[in-house]
Amino acid sequence: MIQSQIKRVASMSRDELMTEAKNTGTPYELLLKIRETGKLPVVNFAAGGIATPADASLMMLLGADGIFVGSGIFKSENPQRFAQAIVEATTHYEDYQLISKLSKGLGAAMRGIEISTLMPSERMQERGW
């Protein structure tokens with residue numbers, strides 16, 4: 001969604017940017033900068049569920065500027081190897097042969113939790129509002 005909105009802004013004329021700024025309450029200068037650079041002027045980190053080199057590579061391919069790896073890697077069989085492999089995959093995310101090589105021999109990733117074993121109050125989609 002973010003990438004499609006950036007592309008939309010990048011394709012707008014200056015007049016359309018002014019209208020978009022008024023309609024969305026976004027500063028015109030910010031929209032102009034996005035149009036000129038094709039990027040948001042902030043770092044876009046991917047987080048939440050990044051547990052393998054392939055996950056990190058995919059997030060970079062989808063337009064993230066960096067990866068935030070949480071505590072999940074510490075619950076893997078080999079946290080240090082996972083961390084090193086994820087750093088390499090983030091750096092060389094378009095090198096598919098390297099990603100494949102990095103993904104081998106890491107041991108098991110963090111085990112997931114079967115959603116049916118969680119109480120409704122523990123499920124993210126049922127929290128909050």
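**Entry 1: order of elements**

I read the secondary structure along the sequence and noted the pattern α-α-α-β-α-β-α-α. My tally for the protein is six helices and two strands. I record here that the model is a predicted one.

**Entry 2: overall dimensions**

I looked up the radius of gyration and found 19 Å, where a compact globule of 129 residues would have a value near 14 Å. I then took the box filled by the C-alpha atoms along the principal axes, and it comes to roughly 55 × 40 × 15 Å.

I turned next to the surface. The accessible surface of the protein is about 9200 Å². Carbon and sulfur atoms hold 56% of that area. Of the 129 residues, 25% count as buried.

I also checked the sequence range of the contacts. Among contacts with a separation of 6 or more, 42% join residues that lie 24 or more positions apart.

**Entry 3: α1 against α3**

I examined helix α1, residues 2-10, together with helix α3, residues 28-37. Their axes come within 8 Å and cross at roughly 95°. I therefore entered α1 as roughly perpendicular to α3, since angles of 65 to 115 degrees count as such.

I listed the residues that meet: I6, V9 and A10 on the side of α1, and L31, I34 and R35 on the side of α3. By class, I noted five nonpolar residues, no polar ones and one charged residue in this contact.

**Entry 4: α5 against α6**

I repeated the look-up for helix α5, residues 79-91, and helix α6, residues 96-103. The axes are 10 Å apart and the packing angle is about 175°. An angle over 145 degrees counts as roughly antiparallel, and α5 and α6 are therefore entered under that term.

In this pair, A85, E88 and A89 of α5 meet L98, I99 and L102 of α6. The class count reads five nonpolar, no polar and one charged.

**Entry 5: R14**

I located R14 in helix α2. Which residues are in contact with R14 once its neighbours within four places in sequence are left aside? I found Y28, L32, R35 and E36. One of these, R35, I had already listed in α3 where that helix meets α1.

R14 has a relative accessible area of 46%, so I entered R14 as partly exposed. For a distance, I took R14 and V42, which are 28 residues apart in sequence, and their C-alpha atoms are 22 Å apart in space.

**Entry 6: P27**

I placed P27 in the loop between α2, residues 14-24, and α3. Its relative accessible area is 46%, and P27 is thus partly exposed. I looked up the distance from P27 to L62, 35 residues away in sequence, and obtained 26 Å from C-alpha to C-alpha.

**Entry 7: I50**

I found I50 in the loop between β1, residues 45-46, and α4, residues 53-61. Is I50 buried or exposed? Its relative accessibility is 9%, and residues under 20% count as buried, so I entered I50 as buried.

I then collected its contacts, leaving aside neighbours within four places in sequence. They are D55, A56, M59, I67, F68, V69 and I73. Finally, I noted that the C-alpha atoms of I50 and S71 are separated by 9.9 Å, with their positions 21 residues apart along the chain as the sequence offset.

How values were computed:
Residues are numbered from 1 along each chain as its sequence is written. This is a predicted model: local features need pLDDT of at least 70, side-chain atom pairs count only at pLDDT 80 or more; totals for chains, interfaces and linings use all residues. Side-chain values use heavy atoms; hydrogens and water are left out. Axes are lines fitted to C-alpha atoms, for helices over the stretch in contact, and angles run from 0 to 180 degrees between N-to-C directions. Helices (H or I, at least four residues) and strands (E, at least two) are DSSP runs, numbered from the N terminus. Angles under 35 degrees count as roughly parallel, over 145 as roughly antiparallel, 65 to 115 as roughly perpendicular and the rest as oblique. Contact means heavy atoms within 4.5 Å. Ala, Val, Leu, Ile, Met, Phe, Trp, Tyr, Cys and Pro count as nonpolar, Asp, Glu, Lys and Arg as charged, and the others, Gly among them, as polar. The radius of gyration is taken over C-alpha atoms; the globule rule is 2.2 Å times the number of residues to the power 0.38. Buried means under 20% relative accessible area, exposed over 50%, partly exposed in between (1.4 Å probe, protein chains only). Accessible areas come from the Shrake-Rupley method with a 1.4 Å probe; for residues, only the protein chains shown count as cover.
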